[in-house]
Amino acid sequence: MRYALSKILLMIPSLLLVSALIFGLIRMIPGDPAEILLGDNLNPAALASAREELGLDKALPLQYLYWIKSVASGNLGVSFMTGEPVLSALSERFVVTLQVVVPAFLIAIAVALPAGLVAAYYHHRWIDRSIVLFATLCLSVPSFWMALLLIYLFGISHNWLPTGGFVSPAVDFLEGIRHLVLPVTALVFVEIAILTRMMRASAIEVLQQDYITHARAKGVSEWRVLFLHTFPNAFAPSLTVIGLILGSLLSGTAVIETVFGLPGLGRFIVDAIYARDYPVVQGTLLFVVVVYLGVNLLVDMLYPLFDPRVRLS
Amino acid sequence: MNQLVLKPHAASKRTPGGWEKIWRIPSARISLLFLATVVLLAISSTVYLPHDPLALNIDARMQAPSGSHWLGTDFFGRDLLSRMLVGAGVSLRVSLFSVVFATVLGTLVGTLAGYRGGWTDRSLMVVVDAILAMPGILLALVLMMIIGAGEVGVVLALGLAYAPTVARTVRGTVLSIREKEFIEASSVLGGSDPHIMWRHVVPNTVGPLTVLCSSLFAQALLSESALSFLGLGVPPPYPSWGGMLADGRQFISQAPWLCLIPGTAITLTLLAINLLGDALRDCFDPRESEHR
Amino acid sequence: MPNSLRQAFCRATLGVLLNCGGLGCLILATPNYGQATPVGGGEMRVAISSDIRSTNPGVNRDGNTDTVLYHIVEPLVAFTDTLEVAPLLAERIDITDDGRLYTFTLRSGVSFHNGELLQAEHVVWTWQRLLDPATGFRCQDWYDGTGNSGLKIEAVEAVTPLTVEFRLNQPSALFLHRMANLQCLTGIIHPDSVASDGTWQQPIGTGPYKLDQWQRGKSVTLLRHQDYSNLTEPRSGLTGDKTPYIERLHFVVTPDAIAAQAALFSGAVDLLFAVPPAARHSVAARRDRKGDVVLKDYLTLDWTALLIAPDDPLLGKPDMRRAIAHALAHEQIAEFANLGMAPANASPVQVISPFYSTHHSQWLEYNPDKARQLAASAGYQGEPIWLQTNRKYSYMFDNAVAIQAMLQAAGFNVQLQVLDWASQLSHFFRGDFQLSSFGYSSRSHPALLFGTFTGDRSIAKSYQWDNDQARNLVGQLATATHADQQHLLDQLYSLMREQVPLIGLYNDHNTDVVRTRVRNYEPWAFGRPRLWGVWLENKGERP
């Protein structure tokens, strides 16, 4: 517990720096939110009043301090464009992202861990080679290209699955699942590829260890060797990478979400960047960073459960 | 996160015969040949092209592949084969330069942090971790918008986004090398800091860096396409493969080749780079072979 | 002037709405697919490219917001198909001879979505709210005397329960045009639309549809207004017979064009509007193969143009500007970007405008040799010239690619600079560009379009044409009669040909695509859908 606490405290300087980076970077892009907001109806008076309304007339350091102060009190501000509170908007979008990312992630784990294990077991044999080749191929197909091919095959050539939009499975389960099939498929291959290659590598290493040789010498069945002795030990090193992948996936998959018209977190940020919706960009990116660091902290905490050799100090 | 750091001993194990070993791996051989062909085609495109890749032709718009246009034509009636050839150069150049930029910057920061240690290390690593925690593609997108779209913009944006990864790897390597006796010996003998870094530390990071660079190169190629997809990338008229894919996508139902051909080219190139990367890893770094 | 306006309104009130002029008739052509008697009910799904900004008309808005909201609220007057202004909630409009007092007589029996009847006090309340700076109405300066024309509404008063007077500080030919404007929707709303502390709740209007649900980022649902009081004149523009037949309208946010197309083909949406020419081909192929969609082609009022920096040391020279104009094959650019479906148009007078004539189809001829000569005499020596564009609006991008190719062919070293739209817009407002591939969205009257790019650059850098004679002519347009306006527009265009303040390219061609079960749908020049008067063949097809 103390370990976690100290880790969290260590995150604070990083987070402050991230917040300053985000705040500065988004403002360095040319383009004025007030101009975009006014669009066709621009005139100097309206511009001035819009800038005042958005708080853009104040000095930059002051704007930053106001923002940090309100973030510290749990308020991420409201969107320039829609006036919606950023926190509630981003949680809605995050739920959508979760519904795509979590199934893709779970499927990837369910496929990749056994595949990696099997490949390691048959190291250097044809079965290993084909698994590696397939995984490397999956790694090489850009996910948005995969998305386009899927839309072409299932949406345009054959009219089998919906190619866009989002229906919450909570509202209409079957429709919701049907809408998720293509985006999840477009995402899942890359994840399978990364996890399979990693699981294979650590399993190969474990299989060369003395205790496996001992176990085999003692006459333990190959099945038990693989799943009871090799798997847990090979899984631990994979955990960190799993954490990194999940962390970055949760920040949304802007391109996939755009292609399939999903109102997820990634598209939310990209749209906000294009619209110079500062509060949304700042709040959402900060949220994403916190999630990323949180997931990785969680993985750090879980690590000793899987690998008893590691003691947290 | 420390598990991610490539271990240095692998580098020191590097044998002069590394490249020969790679050539003996069939998948690596095929990949090398494929990549060499792409590079040769890209170079030859500066000398000869079947058609002018920029010439608009109103009478030959979106034609399917045929005898006169082997890969068909695009929305403006431009020859797709010629554009693919020119695009190969653009895509490879952009990816290469962004990796080089990331490597130089990352190595500088990583070596400095790892060698100096203390506050230098801590403050540099806070910055590196902060950047690493942000989604890479969004960071690159924002940087592109600040720097301005263009080949230089893509290179700088991707380079800046990848530099922290390099810095982390190099720092880890340097940290463990620093403990080694030969450096201590060298400093006892009165070697200066830059001299020690240059003579002993930097060479030992080459192995892990080669492996990392191959994976960064693949990521850069992918990210350039993704940036084009999000509306910013290498600007026309000179095409990048990613840009062509992004442009072709709106015609997917009427002219699918506009999207299939660049997509296939990207996929095959990525496959070759990834296979080659695996081989490099096996030769330079046999133990830590899968950590990315 | 006031007389002519009054005449226009007399005609309108008499039901003679369709004063067909030019290509405007094209849009009005009766659909040639199975006309049947209207049936009520069902749900129609419409793809919109981005979520609406708010439900607060004219305050926080963009194109899609306007589209959804003009189904919910109605102003006193509205545009017809031929872009004239006709009464909507008003029954008649009387204008005094000095042109400063407008008396609107409201139709009786018009009900709000909450059941209350429309009264003069509601009009007064709505307009006082719009003119209150606290509201944030986007076009407040059109009416408060601070804008370019100096027009100010001095008073809005209810004279009787069904008559309202608007008193202006000066006569204005454009007052009603502005009132009918789509972007600055002046829809009359019930005071309950706003909470007691002044914050916006939801629009309670008089329109054929009422707001049911807005799921941010996903969809907006509208329900039929059962007691809608419709006009008896035929449907035209945003006025005339606006009977809602369909029970529910579902605007689905579908940002990706390819996904939207796939959704149309699968039947998940019934309407895709403003499809650009590049994407038309694939929907046309679908129609020919499956026959389950119908294409509706039309020319819009949008006008695309190549902007040439007026203050640039090189490009500011008249010879250089003419050189660029001579280097561009106008018809070919239009052909490229619109696949031959829209004619080139260098004039701000839109092709479908009643003011368009052969005079406006003349432009500097395509002559690369002359272009080279002029450029040389302007001292051009092959230095790079940057052309800004973006990928958000594909027509601007396509124009830029074609323009670059042509200018390079004529010896101009033009380089493309692809920006994101907000950056390009920002450069535009600051006058920070050399060349810019740009577009002006629909303006209902050519005078308004001239007004957006003609003016004093010391006030706003977004004015491309800062010339005394031009500004004077544009000023005269605001108060001129219809016949004089024609003359002034012709003069302005002649002046443009001399000075090349910017190079107009064409008015966009768009296509709306509907599933065959959608009946009686017609597009119009503003490029947005109108879903009243439309019905579904097999209503209740989807639950």
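## Exercises on a three-chain predicted model

Ten residues of domain 1 of chain C touch nine residues of domain 2 of chain C. Keep in mind that this is a predicted model. Let's work through it, starting with that pair of domains.

### Exercise 1: The two domains of chain C

Task: work out where the two domains of chain C lie in the sequence, how many Å separate their C-alpha centres, and which classes of residue domain 1 brings to the contact.

Solution.

- Step 1. Start with the bounds: domain 1 covers 56–208 and domain 2 covers 300–508 of chain C.
- Step 2. Now go from centre to centre. The C-alpha centres of these two domains of chain C are 34 Å apart.
- Step 3. Look at what domain 1 offers to domain 2 of chain C: five nonpolar residues, five polar ones and no charged ones.

### Exercise 2: A first look at chain A

Task: describe chain A by its helices and strands, its box and its share of buried residues.

Solution.

- Step 1. Count the elements. Chain A has 13 helices and zero strands, so if you're hunting for a sheet, turn to another chain.
- Step 2. Put a box around the C-alpha atoms of chain A along the principal axes, and you get roughly 85 × 55 × 35 Å.
- Step 3. Check burial: of the 313 residues in chain A, 47% are buried.
- Step 4. Finally, take the contacts in chain A between residues at least 6 apart in sequence; 70% of these join residues at least 24 apart.

### Exercise 3: Who touches chain A?

Task: find how many residues chain B and chain C each place against chain A, and which elements they come from.

Solution.

- Step 1. Take chain B. Here 35 residues of chain B meet 38 residues of chain A. On the chain B side, α5 (118–133), α6 (136–147), α9 (193–229) and α11 (257–284) each give at least two residues. The largest share, eight residues, belongs to α11(B).
- Step 2. Sort that chain B side by class: 25 residues are nonpolar, seven polar and three charged.
- Step 3. Move on to chain C, where 36 residues of chain C pair up with 39 residues of chain A. Elements giving two or more residues on the chain C side are β10 (248–253), α7 (257–266) and α13 (421–430). Helix α7(C) supplies the largest share, with seven residues.
- Step 4. Sort this side as well: chain C brings 17 nonpolar, eleven polar and eight charged residues to chain A.

### Exercise 4: Inside the largest nonpolar core

Task: say how many residues the largest nonpolar core has and which of them have the most contacts inside it.

Solution.

- Step 1. The core has 358 residues, and L141(B) and I503(C) are the ones with the most contacts inside it.
- Step 2. Ask who contributes. Helix α8 (residues 173–207) of chain A provides the largest share of this core, 19 residues. At least three residues also come from each of domain 1 and domain 2 of chain C.
- Step 3. Zoom in on L141(B). Apart from neighbours within four places in sequence, L141(B) contacts I273(A), L227(B), L230(B) and L232(B).

### Exercise 5: The four-stranded sheet of chain C

Task: give the strand order of the open sheet of four strands in chain C, then explain why one side of β4 and of β6 has no neighbour in the sheet.

Solution.

- Step 1. Read off the order: β4-β5-β7-β6, with antiparallel pairing.
- Step 2. See who sits at the ends. β4 (90–95) and β6 (153–160) of chain C are the edge strands, and each has a single partner strand, so one side of each lacks a neighbour in the sheet.
- Step 3. Add the turn: on average, neighbouring strands of this sheet are turned by 20° against each other, direction ignored.
- Step 4. Check one pair. β4(C) and β5(C) (residues 101–106) are joined in the antiparallel sense over five bridges, and R92(C) has T105(C) in β5(C) as its bridge partner.
- Step 5. Place the helix. α4 (residues 120–131) of chain C lies across β5, β6 and β7 (163–168) of chain C, at about 165° to β6(C).

### Exercise 6: From β8 to β10 in chain C

Task: follow the strand pairing from β8(C) to β9(C) and on to β10(C).

Solution.

- Step 1. β8 (residues 209–215) and β9 (residues 219–224) of chain C run antiparallel and share six bridges. Across this pair, W214(C) stands opposite V220(C).
- Step 2. Look at the hairpin between β8(C) and β9(C): three residues lie between the strands, and G217(C) has a positive phi near 80°.
- Step 3. Carry on to β10(C), which runs antiparallel to β9(C) with five bridges. There, R248(C) is the bridge partner of L223(C).

Technical notes. Residues are numbered from 1 along each chain as its sequence is written. Chains are lettered from A and ligands numbered from 1 in the order in which they are written. This is a predicted model: local features need pLDDT of at least 70, side-chain atom pairs count only at pLDDT 80 or more; totals for chains, interfaces and linings use all residues. Two residues are in contact if their C-beta atoms, placed from the backbone, lie within 7 Å. Ala, Val, Leu, Ile, Met, Phe, Trp, Tyr, Cys and Pro count as nonpolar, Asp, Glu, Lys and Arg as charged, and the others, Gly among them, as polar. A nonpolar core is a set of buried Ala, Val, Leu, Ile, Met, Phe, Trp, Tyr and Cys residues joined through C-beta atoms within 7 Å. A residue is buried if 20 or more other C-beta atoms lie within 10 Å of its own, exposed if 12 or fewer, and partly exposed in between; C-beta atoms are placed from the backbone. Domain bounds come from an automatic or database domain assignment. Two strands pair if DSSP finds at least two bridges between them. Axes are lines fitted to C-alpha atoms, for helices over the stretch in contact, and angles run from 0 to 180 degrees between N-to-C directions.
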